[in-house]
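Visitor: I should like a close look at one part of this model, described in terms that I can check against the coordinates. Please also explain how that part sits within the rest of the chain.

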Amino acid sequence: MDQHSTAVTALAVALAALGACGYALGARLQHTAVHDTIGDHGLRLRHQLQLVRNIRWLAGLIALAGGAVLHACALGLAPLSVVQPIGVIALPLTVLLNLRQKGVRARDLNPTVALAVVAATGGVASFVIFAAGSATPTTVTPPEQLTATQLAGGGVLVLGVLATLARSKARCMLFAAGCAVAYGYVSLMMRGLVQQLGTTGLLHLNLLPLLGIAVAMVVGGWLLQHGYASGPPDLVVACLTVIDPLVAVGLGIGLLGEAARVDTWTLVCEAVSAFVACAGVFALARCRPDTRVPTTVSPAGSSDPAGPSSTDRPDRSST
């Protein structure tokens, strides 16, 4: 790449990294608000209505929206396969925020969980390094947008149905995976929309990207809240930050041909990086990253309020 392309790509990476910080803060705030609202009950319709009046949940929504705007700007500057994986930065930030929320020091984190975070983060980071030097900028055409809509819609439907039938952490992961598929699709449509805005007048815009983005954001947001209600925020963000970029990169490579000039060695390295990232997420799910603060017993024999958090209770969420 020439110096101009390198500078533009670097700016896109910086914007995407700032967006990931917004995602991490938003996830922490919304997860806390969801569990403060539902208590020991599942996330039902009346609880969802209460959330829109919760200041902490609204602050999380603003943080997520800010991250989304920065991410959209990054998508207009660089290919999907470079920008999308950077969101994995949200994972270690969410783990650290979760530890701070519980008063646990970072050095007390379970070594296996720490290794899982490093694997997920490092895997996606190495993927970005390989992709940045080989990805080909492409145009998102209307036929490709339609195909992506069909693929993403089918994937979200299947994952949503499976989530309603699952329990505990599997339920959490499936809801988060459905949200990740929807958000990965949003990134592709957002790139297409940004490209249109640069070449087409407002009266001649293709409305499919706008409609697709709106529907996917609503459906993805609904699945995300159920993911928060079913498990710890670390696991939700882990699923989002790995599955989301894999979906977006898959669409970028399969539909847009962003890997048309990638050599075999680079493809192998990218595949290994993706495998390591996925292994890190599965390890997080198995180890349960939600670190607990030990419960103390008062002289009267009652438990201290700093016992297990709401995410440690048996899953009782309901769709």
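Guide: The account below begins with the whole chain, turns to helix α5 and its surroundings, and then considers some residues elsewhere.

The model is predicted, with local features requiring a pLDDT of at least 70 and side-chain atom pairs counted only at pLDDT 80 or more, whereas totals for chains, interfaces and linings use all residues. Numbering starts from 1 along each chain as its sequence is written, and side-chain values rest on heavy atoms, without hydrogens or water.

The chain contains eleven helices and zero strands, where helices are DSSP runs of H or I with at least four residues, strands are runs of E with at least two, and both are numbered from the N terminus. Read from the N terminus, the order of elements is α-α-α-α-α-α-α-α-α-α-α. Of its 319 residues, 49% count as buried, that is, under 20% relative accessible area, with exposed meaning over 50% and partly exposed the range in between (1.4 Å probe, protein chains only). The chain exposes about 14800 Å², computed by the Shrake-Rupley method with a 1.4 Å probe. Carbon and sulfur atoms supply 69% of that area. Contacts, defined by heavy atoms within 4.5 Å, reach far along the sequence: among those between residues at least 6 apart, 83% join residues at least 24 apart.

Helix α5 (residues 90-101) gives a closer view of such packing against helix α10 (residues 233-254). The two pack at an angle of about 175 degrees, with their axes 9 Å apart; each axis is a line fitted to C-alpha atoms over the stretch in contact, and the angle, from 0 to 180 degrees, is taken between N-to-C directions. Helix α5 is therefore roughly antiparallel to α10, a label given to angles over 145 degrees. On the α5 side, the contact is made by A90, L91, T94, V95 and N98, and on the α10 side by P233, D234, V237, A238 and T241. By class, this contact has six nonpolar, three polar and one charged residues. In this scheme Ala, Val, Leu, Ile, Met, Phe, Trp, Tyr, Cys and Pro are nonpolar, Asp, Glu, Lys and Arg are charged, and the others, Gly among them, are polar.

Two residues of α5 have contrasting surroundings. V95, in helix α5, is buried at a relative accessible area of 3%. V95 and V237 are 142 residues apart in sequence, yet their C-alpha atoms are 9.1 Å apart, and both residues belong to the contact between the two helices. L97 also lies in helix α5, but at 28% relative accessibility L97 is partly exposed. Setting aside neighbours within four places in sequence, L97 is in contact with A24, L25 and R28. The C-alpha atoms of L97 and L29 are 9.7 Å apart, with their positions 68 residues apart in sequence.

Helix α1 (residues 3-38) holds H31, which is buried at 3% relative accessibility. Its C-alpha atom is separated by 9.6 Å from that of V236, 205 residues away along the chain.

The cysteines can be considered next. A disulfide is a covalent bond between the sulfur atoms of two cysteines. With a disulfide taken as a pair of cysteine sulfur atoms within 2.5 Å, the count is zero. For C239, the closest cysteine sulfur is that of C172, and because it is 6.4 Å away, it is too far for a bond. C239 is buried at 1% relative accessibility, whereas C21 is partly exposed at 36%.

Helices α8 and α9 supply two further buried positions. S187, in helix α8 (residues 168-199), has a relative accessible area of 4% and is buried. Not counting residues up to four places away in sequence, S187 touches H71, L75, L80 and Q84. L223, in helix α9 (residues 207-230), is buried at 3% relative accessibility. With the corresponding sequence neighbours excluded, L223 touches V156, F175, G178 and C179. L223 and A182 are 41 residues apart in sequence and 9.5 Å apart, C-alpha to C-alpha.

Key. Angles under 35 degrees count as roughly parallel, over 145 as roughly antiparallel, 65 to 115 as roughly perpendicular and the rest as oblique.
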